[in-house]
Every structure is written in C-alpha cells, then in structure tokens.
Amino acid sequence: MSRDWSFEQEDCACAKVQEPEDIDRVVSAISNRASAQMVPALSRDQIEAAMTAFEEYKDCGAHSELFGSFGEPRDYWVRSSRERENRVYPTKPIVAFARKLDGLNGGWSTIDSAAAALHNAGFVVVNAEDQPVDVPEKDHLLSGADRIRLCALTYFIEPAREKAARTVSIRAGDLAAAMGLHDVFPNICQALGGEKFQKLAQVPPPTSTEPNPSSSTVFTFTLNAQPEADTAMKTLNTILYGPPGTGKTYATFRKAVEICDGPEAVAAMDGDTLKARYAELREAGRIGFVTFHQSYSYEEFVEGLRPEGGDGEAGFTLEPRNGVLREIAASAHALSRKADSHASRSDLANASFFKMSQGRKTSPDEAAIVEECLDRGEIRLDRGGDLDWSDPEFGSKEKIQATLAERSSNTGDTGKDSHLTSDANYIDLFRNRLKVGNYVIVPHGFHNFRAIGRVTGEYEFDKDSDVFSHRRKVDWLWRGEPLPVSQIYHINFSKLFYRLDTSRLNLDTIASLISDPKSDHTKQPFVLVIDEINRANISKVFGELITLLEEDKRAGAENEVSVRLPYSGDDFTLPANLHILGTMNTADRSIALLDTALRRRFHFEETPPRPKLLKTVDGIDLPLLLTRLNQRIEYLVDRDHLIGHAFFIACNTRDDVDTVMRRKVIPLLAEYFHEDWEHIVAVLGGKEQGFIAKEALTVPPGLHIGMDEARYRYTVRGSFPPDAYAGLQA
C-alpha cells in the first residue's frame, strides 16, 4: 500500500524539547497512535555527537567498549546533517551511544528501535549507498507534513544557522530527493510555507519563487533575525564590540559587503565568495581598512604634510596629502554626484578608453595647463613640435614619421631616431587612432586620476601656441579631486599616452562617475573599516571631524556642516554615502579612551561568544568547555572579559585544543586576573593537577621575612593529563 502524504489541516500533535538554542522541536506527532513504550525523542545534537564519537572510534579506537560490541551494519544507515567526510553511519551504534545502551533492536518494529528513533528525530535512514530506504507503514513512525517539516529543519535550517548564515533557501525538489519522496511537491510546498514550520524553525514567513507548488519552487528563510542588526544597517556609524576572539573583524567583512551590495546579495554567498567580493570592493576603493593604535595620528587619518621632490636648491617641499579618511571620502563624494551624461555600463563595454597625461602633477606651470584644458573642454599633446598635422596625407604613421625624419635632417638634429619613432607613435595615436566617441582619462601621477571625458572633435592645430599645439575637443563627464586609479583600473598608470585594456577597467565605477543625472544608482555606499577603534586617541585622530560624523551634519543633510582643514585650507564635509564601521575589544584597557562624544555618534552592536559554532573534538565538548569558562570568568570579573569562540574554531584534534589552552587562553586568563593563579585554577576547573602545576616554595637561606605564609610557584604543564578537561565539562 502506498503511503498517504495528505495533510490533516496541519493539526498533528507536537511536543517540545528544551534545546540549548531554545528551539521548539517536534519530537512526536503521533500521540494518538503511540505505543505504551514511548521513549524520549533524540535531539539532533545527540545524534550528531554520536556520529562524531563513532568517527573517533574508527580513527583511534575511542569508545571501543560500546561500538566494538556491534558487528558490521547490514541494512540501515543514517545520513548526517553536517558536512563530514563520511555522511552515513550505522543506525544501531549511533542510537546506542546517544541513549547509552549496550544493545537495541535495529529496525522499525518499535518506537525505540534504531531506525525508527532516527526517523522520528528528523533524520533520513538510508542504505550503504546513501539512498533513502522505504519506510514501512507503522503507527509509531512520523509521517506526512510533520515529517517534512522536521527533515527541513534538520537538514537545511539548523546547518545554515550553525554557520551563522543570514538566510537559507530550500528547493522543494531537493528536499524531496533528500527524503526519498516522489510526487508530493504540493505537500512539501504547503509544509514549508505554513505557520507551523515558521514556529518550529523560529523563522519569519519565507519568500518563494513561482510556480508554486512545483519541484522548482524555492523557499528562502531569514535566519538569526536581529532587529538591532537591521537598525545598524540603516545607520552610517556602527561599532561592533565584544571580548577578544568573538569574530568582530571577520564580521566586518560580511557587514561591509552587505552595506555595499545589500543583504540579499550577501545571503546567497558562501564564505569564499564573500571573501572574494570583499577583496574586489577593497581593490575598487569601495571599502577602506585601517587599524588604530596608540601612535596613530590626525595626519595619517585626515591629512598631513608630506615631502615632495622639488626643483633647484630647495630639495623638497612639504605638500598636503590626504589621509585614509579623506581619500575614501573623496571617492564617496565623487560617486554621489551627478554628471551630465547618459552612458550605461553596456555602452562602455564596447567603448575605447585612453589614458593621456596633460602635464606633470609636480610642475606648477603644467598643472595650470591641466586646469585650462578641463575648463576649455579639450585635450592637448606636447609632441610633434610646431608642425600642423591636419593635412589628410598624415592619416598614416609612416608619413608622420617620414615628415619628422625629414624635419630632423633639415635642422641637423640627428642621432635621435628613437625619439622620432616615439613622437610619430604619439602623433598617430592622437590624430588617427583616437576617435570621436572614445573616452579619455586624465591621470594625476601614476596612482590617481582626476577627470574622465569623451572625445567630441577631430584633430586641431593651434598655431599661436608654442607648446601643446595639438588639440582635440572633449566633453568632460567627470572631474574632481584626484581618486585612486585602483577604483577604475586594475593596475597603475604608465607612459604619457596609450590605449587602456578594457578588461582591466571597472566599468561599473566609471558608469557611476559619468552617470545619468536622473538615476540614483550613483550614490554607491562606501565603507571605512576601523579595526581596534578604541586603541587610538580618538580626540587627536578625528580632531574637528568628530562633528561631521553625525548623520544630520553630512553633505546634503538638513544640518550640513563643513570645516576648514588646517594643512590644505580646504573646506571639507563627510559624504552621506560613507559608512564608518569600527570594532572594539571590550577587554582592552584603552577602552577608556573612547570618549563620550564618539559614543554618542555611533550605533553599538554586540558580538558575544558563540559556543554553538564549535564542535566536539577528540571527546572534548568545546561548546560546553567555552560556556563553562565564560560563566566562571563573568562571575569573577565581568562580561567584558569573556573568551570568544574564535580561539577554538580551528581546533580539529586534542593537540590543537591543548595548544590553544596553553598559548592563548591561559595567558589571557593571567592578564585578566593579574597573575592571581588561584582564580585562574578555579576558572580552569579547580584541579591543580590539571592544566596548572602548583609547587610549594621554601624560604631562601638568609631571608627573614615572609616566612609565616606559605608561598607557591604556578607553572603551566608541558603536557596536560587525560582528564584535564573534566572540570570544564562538568
């Protein structure tokens, strides 16, 4: 008889099991048909812990007294819900370990049989090839909508939540295949979209694709919803704070990309994709990063004087140079303006771009020529002398080079064939190969650019000019304060005049700079990440810019404020599309330097330790270990001096855990407790024979004070005994 997967108005009975995450678990929907042998349902954590223990048994013989009593599996395996090298495990040893039994029935006959217990816990029972097996028709086995909901929770929602994902998508066809179901897509879609699943998984109503219902229907659920985090996304200034090792710096990667691309885009990224996108945005100049320290200054952050090579006897001059904040603010300002153009990215993809210098940035005379060119809407070439190249006969480079050679011969200027070739190339490029409609980028040195224009006129000769006589009309689409080349081109500029490789151009940024004034997409968000923001002298580093941080004081805001900078004398405002994202270690003694003015201008978002991101390693329950450590630290010190999960996140063996304890955790505890080793021993489980060795000191010869009180030497053991972690897992 085929199984009936129809629904009963989603009114199956449910029971709750208190989990560490406080998630309501459906452990049985069969109260009306259960047998008298009803036993407590297994949780996902219990089953996964048993699978980890079975792996240890296979690797090193651990727990052999239990697992060794079972023979080779014959009929049934269970599929893990976590990413493991081996995804399937024999059912009987797993259930026996989870329930601390010596043996049990392995099939489906009773509710406490191994396959039945795993099935009712939301796991999929499979054969040796990881294919779902046929489930018999029995009253004590979970079925229908409740089974679908529980499997979706076990294999999709909980794994994504463990990885701290913001969203997870479930395709109806994928869930059906995982469970071994056929032709039940309406039932699956109804279960995933219903209120019971939202309550079970503690998620808001999902979004779904069309058609619905269908095997291709995708339900997207929002996880780890935190209203405060949503508020943080709307504020321009945010500080992530918490004790050491909670992943604050790593969290800035996700938050910075979310600000730039939006939460929906980030939700679809895995860890590697997120890191790659973060690197792209940094290379494009959309994200800046700086670490504050005690010696960090205003000159590095805002602007300062730097030596520039000079002429004559001076040797060098001191010139204002932008700091980290002003540089990214200039980029954000540029991409929040509107220019009079209708270029789209698709238009630019088929266009040609040229880099053409208009004088050296260190030469005052030639710098004036740049400004004149920008004001008059033209570009100029200083090669080719006073010859007029307008005649159609100069449509070929060969004729240009021959004319230059003849001119050189007539004037007696010989021995410069390489210069003649170079000049001929530049003239040919300027006169012939640069076409109307092509784009020209004007550099500011090799590392910055200051204007982008579109060529609108053919070659012209200015007979009244001694230099830069060769000119073409240009419509300057964007001009402004110099921006880093990295924002629009993947390598630094070189040479005087050449065609750029289109594949290296960032066309999105260029399109934003020269965009249609009626579009709003030019207001791209920028992010400046300030790591360890509380370690610098904030008043000294920010100076007068502390006022500009407030959102209503930004450029274009209701109460816009500008300040006169001391070195350049420029008027400066912070753009409204620049986000400041800081991290703050609450255990750092320099937290007192974070003054009230800065606190008032930032939204604070806590990043606490997250033990659930850890796993059991060689019998050491790391989530419990970290929880016990932090409970004792908070009781003896405060919650600002906890230990973060990042210390243990990369631990895969007992040796890894020992190394972290010896080299990171215990030294950190010594700092927290100011070398009070009695408290340190208490935090570590209260066993002196565990991590710490205690040795009584004898009174040195000739010393006549301090003899009434016993004194001890405390040392961290070179190797920890097997039961060292027992006091932290009690």
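**Exercise 1. Tyr567 and its surroundings**

Task: In this predicted model, work out how exposed Tyr567 is and which nonpolar surface patch holds Tyr567.

Solution:
- Step 1. Start with accessibility. Tyr567 has a relative accessibility of 32%, so this residue counts as partly exposed; the class runs from 20% to 50%.
- Step 2. Place the residue in the fold. Tyr567 sits in the loop between β19 (563-564) and β20 (571-572).
- Step 3. Look for partners. Together with Leu305 and Leu318, Tyr567 makes a nonpolar patch on the surface, and the accessible area of the three comes to about 260 Å².
- Step 4. Stay in that loop for one more residue. Pro566 also lies between β19 and β20, and its relative accessibility of 52% makes Pro566 exposed. Its C-alpha is 8.6 Å from that of Glu303, although 263 residues separate the two in sequence.

**Exercise 2. Reading helix α5**

Task: Compare the span of α5 with the expected value, find where α5 is kinked, and decide whether the helix is largely enclosed or open.

Solution:
- Step 1. Helix α5 covers residues 144-162, 19 residues in total, and its first and last C-alpha atoms are 27 Å apart. That is close to the 27 Å expected at 1.5 Å a residue.
- Step 2. Now follow the axis. Centred on Leu153, α5 has a kink of about 40°.
- Step 3. Check burial. Because 18 of its 19 residues are buried, α5 is largely enclosed by the rest of the structure.
- Step 4. Look just past the helix. Ala164 follows α5 and has a positive phi, near 65°.

**Exercise 3. A salt bridge across the sequence**

Task: Which parts of the chain does the pair Glu605 and Lys255 tie together?

Solution:
- Step 1. Recall the principle: side chains of opposite charge can pair when their charged atoms come close.
- Step 2. Apply the distance test. A nitrogen to oxygen distance within 4 Å is needed, and Glu605 and Lys255 meet at 3.4 Å.
- Step 3. Locate both ends. Glu605 belongs to strand β22 (residues 603-606) and Lys255 to helix α10 (residues 248-261), so the salt bridge ties together parts 350 residues apart in sequence.
- Step 4. Test burial. Glu605 is buried, at 10% relative accessible area, and Lys255 is buried too, at 5%.
- Step 5. For context, the model has a count of 38 salt bridges.

**Exercise 4. A network of charges**

Task: Which residues are linked with Glu372 in a network of salt bridges, and are Glu378 and Arg471 buried or exposed?

Solution:
- Step 1. Begin within one helix. Glu372 and Arg376 form a salt bridge of 3.3 Å, N to O. Both belong to α16 (residues 364-376), where they are 4 residues apart, about one turn of the helix.
- Step 2. Assign their exposure. Glu372 is partly exposed at 34%, and Arg376 is partly exposed at 46%.
- Step 3. Turn to the second pair. The closest N and O atoms of Glu378 and Arg471 are 3.5 Å apart, in a salt bridge. This pair links distant parts of the chain, with Glu378 in β12 (residues 378-381) and Arg471 in β16 (residues 470-484), 93 residues apart.
- Step 4. Classify these two. Glu378 is buried at 2% relative accessibility, and Arg471 is buried at 7%.
- Step 5. Put the network together. Glu372, Arg376, Glu378, Arg380, Asp462 and Arg471 are its members.

**Exercise 5. One face of α22**

Task: Where do the buried residues of α22 lie around its axis?

Solution:
- Step 1. Check the length. The 15 residues of α22 (residues 622-636) should span 21 Å, and the end C-alpha atoms are 21 Å apart, which agrees.
- Step 2. Collect the buried residues: Leu622, Pro623, Leu625, Leu626, Leu629, Asn630 and Ile633.
- Step 3. View them down the axis. They fall within an arc of 160°, so the buried residues line one face of α22.

**Exercise 6. Backbone details**

Task: Which peptide bonds to Pro211 and Pro213 are cis, and what is the phi of Asp130 and of Asp183?

Solution:
- Step 1. The bond joining Glu210 and Pro211 is cis, with omega about 0°. The bond from Asn212 to Pro213 is cis as well, with omega near 10°.
- Step 2. Place the prolines. Pro211 is in the loop between β5 (207-208) and β6 (218-222), and Pro213 is in the loop between β5 and β6.
- Step 3. Asp130 has a positive phi near 65° without being a glycine. Asp130 lies between β3 (125-126) and α5 and is partly exposed at 27%.
- Step 4. Asp183 has a positive phi of about 55°. Its loop runs between α6 (172-179) and α7 (185-193), and Asp183 is exposed at 71%.

Note on methods
Residues are numbered from 1 along each chain as its sequence is written. This is a predicted model: local features need pLDDT of at least 70, side-chain atom pairs count only at pLDDT 80 or more; totals for chains, interfaces and linings use all residues. Side-chain values use heavy atoms; hydrogens and water are left out. Patches are made of residues with over 30% relative accessible area and no salt bridge: like charges are joined within 9 Å, nonpolar side chains (Val, Leu, Ile, Met, Phe, Trp, Tyr) within 5 Å. Accessible areas come from the Shrake-Rupley method with a 1.4 Å probe; for residues, only the protein chains shown count as cover. A salt bridge is a side-chain nitrogen of Lys or Arg within 4 Å of a carboxyl oxygen of Asp or Glu. Helices (H or I, at least four residues) and strands (E, at least two) are DSSP runs, numbered from the N terminus. Buried means under 20% relative accessible area, exposed over 50%, partly exposed in between (1.4 Å probe, protein chains only). The expected span of a helix is 1.5 Å times one less than its number of residues. The bend at a residue is the angle between axes fitted to the seven residues ending there and the seven starting there. The arc is that of the directions from the helix axis to the C-beta atoms.
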